[in-house]
Amino acid sequence: MKLKLFHLISFISFLICCTYGQEYLPVEGGKCEKYIGDGDSGKRICNGYLANPDSIYVHNKTQQETLNDLRILINLLEINDPSKECINPANYKIICAMMFPECIEINGINITKPIALPIYTCNSFCKEALVTCSVPNTIASCDSGKKPLIELPYTPIEWVKYNLSIYGGIDDYRVNCTDPTLIISDSSSEVEVGCVEPLIKRLTNDTKGDLKKGYFYVNSQCVINCPVTGMHPKSVWNEIFKISDVLSSISLACTLILLFTFGILNPKLNRFDKKNLFFIVGVFGMSVSGVLIAANGSEKTVCPTPERYAVNTDRVCVASGFLVHFSALFAIQWWTIGLADVYYGIKFVGKKIKIKVRYYLLATLIISLAFTLVPLGTGQYQAGLSNVMCFLKDEIYQSMTFFVPLGICLTLGTILMILVMREIYVIVKSNSTSSSSSSSSSFSSKSKSADSISYLKLQIKPMLNIILFYFTFLYIFLFVRVVNSRYEEYQDSAIPYMLCLAKGGGDSCRLKGPSAGSLGYFAYCLRIYGIYLFIISFLSSRTIKIWKESIILNNAFVTPIIKFFDSSFSNRFSSKNTSTTQNSTFNNNNSGSGTSKGGNSSAVSINLESRNYNTDDDDL
């Protein structure tokens, strides 16, 4: 009976021991030292918050190493929650007592040598500090069984025991844990809270209101800088801004020249010119948006101050965002209309869609305004944290007012491009069959084939224009969709980023976000199209003819200068030109009837070119 009672008592004692987490700890061989102080950082850490600064326990780390770890922990707490509930003298006492426990030295008659033992902080106070600072268990934990990102010192529930028998002492020496809040501090003043660079301190009583003003808080007192150097270095942001500024300025100049050439100097606007002009107007508006940002200063437009990004109260931001949104929608619609015309013209050579341009213009204006006035009224045009321009803030507005119409146009464009390619294949195949057929093939079949090929040649530049615009807008579409889909991944990188900042990583710490290359190419696609359009549309024989016949080059002042250079050039190569002319005359005289036979294709080409550019029964 006595034996059973003994076993029962032993079992209950074991349960109590395990429940409270008490255990025998080995004597680690540490030593007692005087606290070296907080150092020359200028920030108070543990001075005045230790129970006995003349005797702290030091074991496997030096005091300086422990002090560095403590700074990291304090930085993390300040980043996570800099409120008075967290950063206060009581929690500083707990943290300092955990990191620099008071040291006791065991001496006695039978003790062979002095033994240094720590007085640990009670586990409940450790948990209280983490709770008041809202630190999740994944970052730091007071329970030894878990493995968080930051490992805290051991904290017993009530006491620990040591077996000192090998040193001549007792085998169950007990040391109770301590309550750090009972430490009498030499100062009751509030603990000063700072923000780890590159975060910027901003004291406010209205955090939610500040969010609407463009401040992005990581805690109640610290905001992320703008542009976000945690995502890319400042030098990288400057390069991206520079790319956008330069391309916008060049594109603006290019589109102005095109508008002046085809809209003012052009003696007769045909149906193609009118549609192309409205397309150029859309691209021009996108360029103006970029120049507006550049003129105001790209960084200043996106980030009016270093601690906030531009929102709907910043006029330049709103104006540029509205303009690029409206212009992009306007341009993509005219791009689709132009592609439909190209397909119809290749499919039905000599025919055209009989819808007046004024109806197209009215429809495109209504659609563009409808999709831009709603976001303007709801204050959607903002910069955001990782942007090089001002655009729509919320994903729902991005989707419904921009990417849905853009996606519809791109889808229609894809279908039309496939149909155009099919028609090109049919024409080429038909021409190849016609060439390999017998000489008895009908003249009308050859004429139709030559007509198609000639018309196809005229469509090379319009098709190139369409393809370039397609891929630039496709990239913009895919870029924003991918960024939105990875938003949670970018958010999840905030904790490692804060830990890196807490450890003093500074500029080397990185938040996840769009790569510098993808951001730079995004800016490139937004601003380059005016240059593409200039190369395709301006550098042509027709443009040269328009300028030559214009009043700018065809007047009493400029004409003599042009004639002078023409005569100088002619005199320089007169002998070579004479020889070439003679040979050409000889060949023409010998070809005779061959010219009359082969001239039909040229006539068709000239007729097509004339029909395509110089005649039009459609008015605006």
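Are Cys317 and Cys390 buried or exposed? In this predicted model, both Cys317 and Cys390 are buried, and the third of the views described below shows the link between them.

**Figure 1. Overview of the predicted chain.** The chain is built from 21 helices and 13 strands. It has 620 residues, of which 44% count as buried. The surface that the chain exposes amounts to about 32900 Å², and 61% of this area is supplied by carbon and sulfur atoms. Among contacts between residues at least 6 apart in sequence, 75% join residues at least 24 apart. The structure also holds 8 disulfides, and the later views present several of them, including the link of Cys122 and Cys177.

**Figure 2. Strand S5 and its pairing with strand S4.** Strand S5 spans residues 115–119 and is mostly covered, with 5 of its 5 residues buried. Cover is found on both faces of S5. One side carries Ile115, Leu117 and Ile119, the other carries Ala116 and Pro118, and all of these residues are buried. Strand S4, made of residues 102–106, pairs with S5 in the antiparallel sense over 5 bridges. Within this pairing, Cys103 has Pro118 of S5 as its bridge partner. Pro118 therefore appears in two roles in this view: it is a buried residue on one side of S5, and it is the bridge partner of Cys103.**Figure 3. The disulfide of Cys317 and Cys390.** The sulfur atoms of Cys317 and Cys390 lie 2.1 Å apart and form a disulfide. Cys317 belongs to helix H9 (residues 315–347), while Cys390 lies in the loop between strand S12 (381–382) and strand S13 (391–392), so the pair ties together parts that are 73 residues apart in sequence. The angle about the S-S bond is -125°, and the link is left-handed. Cys317 and Cys390 are both buried.

**Figure 4. The disulfide of Cys122 and Cys177.** This disulfide joins Cys122 to Cys177, with an S to S distance of 1.9 Å. Cys122 is found in the loop between S5 and helix H4 (123–132), and Cys177 in the loop between strand S9 (173–176) and strand S10 (200–201), so the two cysteines tie together parts that are 55 residues apart in sequence. The disulfide is right-handed because the torsion about its S-S bond is about 90°. Cys122 has a relative accessible area of 10% and is buried. Cys177 also counts as buried, at 14% relative accessibility.

**Figure 5. The disulfide of Cys500 and Cys509.** Cys500 and Cys509 are joined by a disulfide with an S to S distance of 2.0 Å. The torsion about the S-S bond is about -85°, so this disulfide is left-handed. Cys500 counts as partly exposed because its relative accessibility is 24%, and a residue is buried under 20%. Cys509, by contrast, is buried, with a relative accessible area of 1%.

**Figure 6. Two buried cysteines, Cys254 and Cys525.** Cys254 counts as buried because its relative accessibility is 9%. Cys525 is buried as well, and its relative accessible area is 1%.

Terms used:
Residues numbered from 1 in each chain as written. Predicted model: local features only at pLDDT ≥ 70, side-chain atom pairs only at ≥ 80, totals over all residues. Heavy atoms only, no water. Buried < 20%, exposed > 50% of the residue type's maximum accessible area, 1.4 Å probe, protein only. Helix = DSSP H or I, 4+ residues; strand = E, 2+ residues; numbered from the N terminus. Pairing = 2+ DSSP bridges. Disulfide = S-S within 2.5 Å. Contact = heavy atoms within 4.5 Å. Areas by Shrake-Rupley, 256 points an atom, 1.4 Å probe, with all protein chains shown as cover.
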